[in-house]
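The following report goes through a single chain region by region, moving from loops to cores, cavities and charged pairs. Please keep the sequence and the coordinates in view while reading.

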Amino acid sequence: MAANKEIPYKIYLEENEMPQAWYNVRADMKNKPAPLLNPGTGQPMTAQELEGVFCKELVEQELDNDNAYIPIPEEIRSFYKMYRPSPLVRAYCLEEKLQTPAKIYYKFEGNNTSGSHKLNSAIAQAYYAKKQGLKGVTTETGAGQWGTALSMACAYLGLDCQVYMVKVSYEQKPFRREVMRTYGASVTPSPSDTTAVGRKILAEHPGTTGSLGCAISEAVEAATSQEGYRYVLGSVLNQVLLHQSVIGLETKIALDKYGIQPDIVIGCAGGGSNLGGLISPFAGEMLRGEADYRIIAVEPASCPSLTRGKFAYDFCDTGMVCPLAKMYTLGSGFIPSANHAGGLRYHGMSPVVSQLYHDGLLEATSVEQTKVFEAATYFARVEGILPAPESSHAIRVAIDEAVKCRETGEEKTIVFGLTGTGYFDMVAYEKFNDGTMSDYIPTDEDLAKGFAGLPKLD
């Protein structure tokens with residue numbers, strides 16, 4: 001740590017310290033993520049094929065394995081200035097309460113109306129759609145943060161926004177749904193009877209609470225069946241992790257400003273957008289041999305793609321209409337239990353994060369939701385922020401690591417991503433406070449059913 005330099009509660013960067021370019025960790029990866037495959041031919045997807053679903057410039061970003069830095073257009077940087085740079089907060093109160101010698105920092109991404117980090121990619125994807133002259137975009141959303149962020153971005157740029165929201169979240173989080181509608185988006189609970197793939201899923205899984213995989217299938221069908229529309233995704237894809245790298249870049253700039261070298265970097269893991277964005281610059285240093293960190297991905301025990309999944313090619317969606325991605329997966333047919341961390345209810349993991357995990361650059365752990373909400377409640381009472389259920393997975397493990405430091409006397413520096421706020425997640429907090437929240441951990445037999453549906457490739 002820099003000598004005689006007191007660390008403030010919140011480290012704020014100046015506007016001129018914001019990143020001018022996104023960081024593409026794939027450029028430094030020796031083992032690149034495997035290419036997306038055409039589900040019909042089994043061959044790598046071409047740019048032309050992908051442009052039927054995604055915006056042209058986003059396809060270029062999706063396929064770029066070589067350029068380490070991609071300039072952020074000035075229009076996007078100007079929008080970022082509404083809520084960025086976001087603060088890096090020293091959790092002094094949490095440290096004191098835990099009586100730990102560890103130093104704990106969190107990067108807080110909740111200071112915008114969407115309440116999460118998702119706006120970082122939403123404005124970028126909406127910008128490229130507008131630049132291409134499209135009428136609108138379609139998407140899926142789990143807990144609703146991504147749908148909210150995209151509806152904000154589309155309203156700002158004058159684009160139509162159609163959102164398919166995982167049914168369990170649509171019912172549990174009506175206020176987030178209404179924020180999307182306030183910004184002009186149409187919101188449909190998924191699976192629905194408005195698409196062919198939705199009707200098929202409902203026929204095969206009557207009464208299902210849905211999943212991100214289901215909602216993706218419907219959103220893709222909606223995009224490809226309407227002239228002037230493209231599909232945009234809030235996580236998983238390379239392009240999304242690229243945009244979210246502003247989180248990690250700002251974190252690194254703030255730490256370097258005060259001479260702070262983290263030992264442990266922790267993020268929640270669903271599809272990989274927050275985790276990948278936070279850890280990319282740190283993983284890049286490890287890949288280049290410049291530093292060493294312990295990076296921990298935290299996922300729900302009810303949807304354990306990294307800790308119990310298989311590293312294989314799989315469909316990105318339940319309806320099997322999307323390209324195949326090589327990732328850690330539970331099988332595209334796996335529909336997780338209706339846990340309250342809706343943004344983490346995805347059967348697979350980002351190909352970038354999956355490859356980094358497979359190569360030993362990061363470790364993964366899973367936690368039950370009752371333990372997650374214990375940590376969330378503790379954090380809210382001590383640090384004064386009501387965290388999102390997704391973020392609280394990272395809080396749980398950050399607290400656990402800080403307690404280990406108390407027991408061993410080690411003075412480690414811990415950094416975690418606080419991806420957003422939980423003010424629209426009060427049904428979940430109500431169940432926890434009432435003692436009616438339960439844990440569900442899939443059995444090996446449950447997972448075997450999902451694995452049985454993995455595509456057989458020659």
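## The loop at G309

G309 is found in the loop between α13 (305-308) and β12 (310-315), where helices (H or I, at least four residues) and strands (E, at least two) are DSSP runs numbered from the N terminus. At 18% relative accessibility G309 counts as buried, a class that means under 20% relative accessible area, while exposed means over 50% and partly exposed lies in between, with a 1.4 Å probe and protein chains only. Leaving aside residues up to four places away in sequence, G309 touches P304, Y328, T329, L330 and F451, a contact being heavy atoms within 4.5 Å. The C-alpha atoms of G309 and F432, by comparison, are separated by 28 Å, with their positions 123 residues apart along the chain.

The model is a predicted one, in which local features need pLDDT of at least 70 and side-chain atom pairs count only at pLDDT 80 or more, whereas totals for chains, interfaces and linings use all residues. Residues are numbered from 1 along each chain as its sequence is written, and side-chain values use heavy atoms, with hydrogens and water left out.

## The loop at P442

P442 is found in the loop between α17 (426-434) and α18 (444-452), and with a relative accessibility of 2% P442 counts as buried. Its contacts, again not counting residues up to four places away in sequence, are A301, S302, P304, R308, F334 and L447. The C-alpha atoms of P442 and A301 are separated by 7.9 Å, although these residues are 141 residues apart along the chain. P304 is touched by P442 and is also touched by G309.

## Backbone exceptions

Most residues other than glycine have a negative phi, and most peptide bonds are trans. Q99 has a positive phi of about 55° although it is not a glycine; Q99 is found in the loop between α4 (92-98) and β5 (103-108) and counts as exposed at 57% relative accessibility. V236, likewise not a glycine, has a positive phi of about 70° and is found in the loop between β9 (229-231) and α11 (238-257), but V236 counts as buried, at 4% relative accessibility.

Two peptide bonds that precede prolines are cis: the bond from R84 to P85, with omega near 0°, and the bond from S190 to P191, with omega near 5°. P85 lies in the loop between α3 (74-80) and β4 (88-90), and P191 has its place in the loop between β8 (186-190) and α9 (196-204).

## Nonpolar cores

In soluble globular proteins, nonpolar side chains tend to be buried together. A nonpolar core is here a set of buried Ala, Val, Leu, Ile, Met, Phe, Trp, Tyr and Cys residues joined through side-chain atoms within 4.5 Å. The largest such core has 75 residues, of which W22, I76, Y80, L150, I279, I295 and L356 touch the most other members. Helix α5 gives the largest share of this core, eight residues.

I295 touches V265, I279, A283, M286, L361, L362 and E363, not counting residues up to four places away in sequence. Apart from the largest core lies another, of 35 residues, among them L94, L386, A398 and C405.

## Cavities

How many cavities of 30 Å³ or more does the count give? The count comes to three, a cavity being a set of points on a 1 Å grid over the protein atoms alone where a 1.4 Å probe fits but cannot get out. Grid points are joined across faces, edges and corners, and a volume is the space filled by probe spheres set on the points.

The second largest cavity has a volume of about 80 Å³. Its lining residues, which have an atom within 4 Å of a point, are L36, F54, I216, Y231, L233, L237, C316, C322 and P323. This lining divides into nine nonpolar, no polar and no charged residues, where Ala, Val, Leu, Ile, Met, Phe, Trp, Tyr, Cys and Pro count as nonpolar, Asp, Glu, Lys and Arg as charged, and the others, Gly among them, as polar.

## Salt bridges

The count of salt bridges comes to 25, each being a side-chain nitrogen of Lys or Arg within 4 Å of a carboxyl oxygen of Asp or Glu. E57 forms one of them with K131, the closest N and O atoms being 2.7 Å apart. Because E57 lies in helix α2 (residues 56-63) and K131 in helix α5 (residues 119-131), the pair ties together parts that are 74 residues apart in sequence. E57 is partly exposed, with a relative accessible area of 29%, while K131 counts as exposed at 52%.

The side chains of E95 and R90 meet in a salt bridge at 2.6 Å, N to O, and both E95 and R90 are buried. Salt bridges that share partners also join R84, K107, E109 and E250 into one network.

Technical notes:
On a 1 Å grid over the protein atoms alone, a cavity is a set of points where a 1.4 Å probe fits but cannot get out, and a pocket is an open set with protein on both sides within 12 Å along at least five of seven lines; lining residues have an atom within 4 Å of a point.
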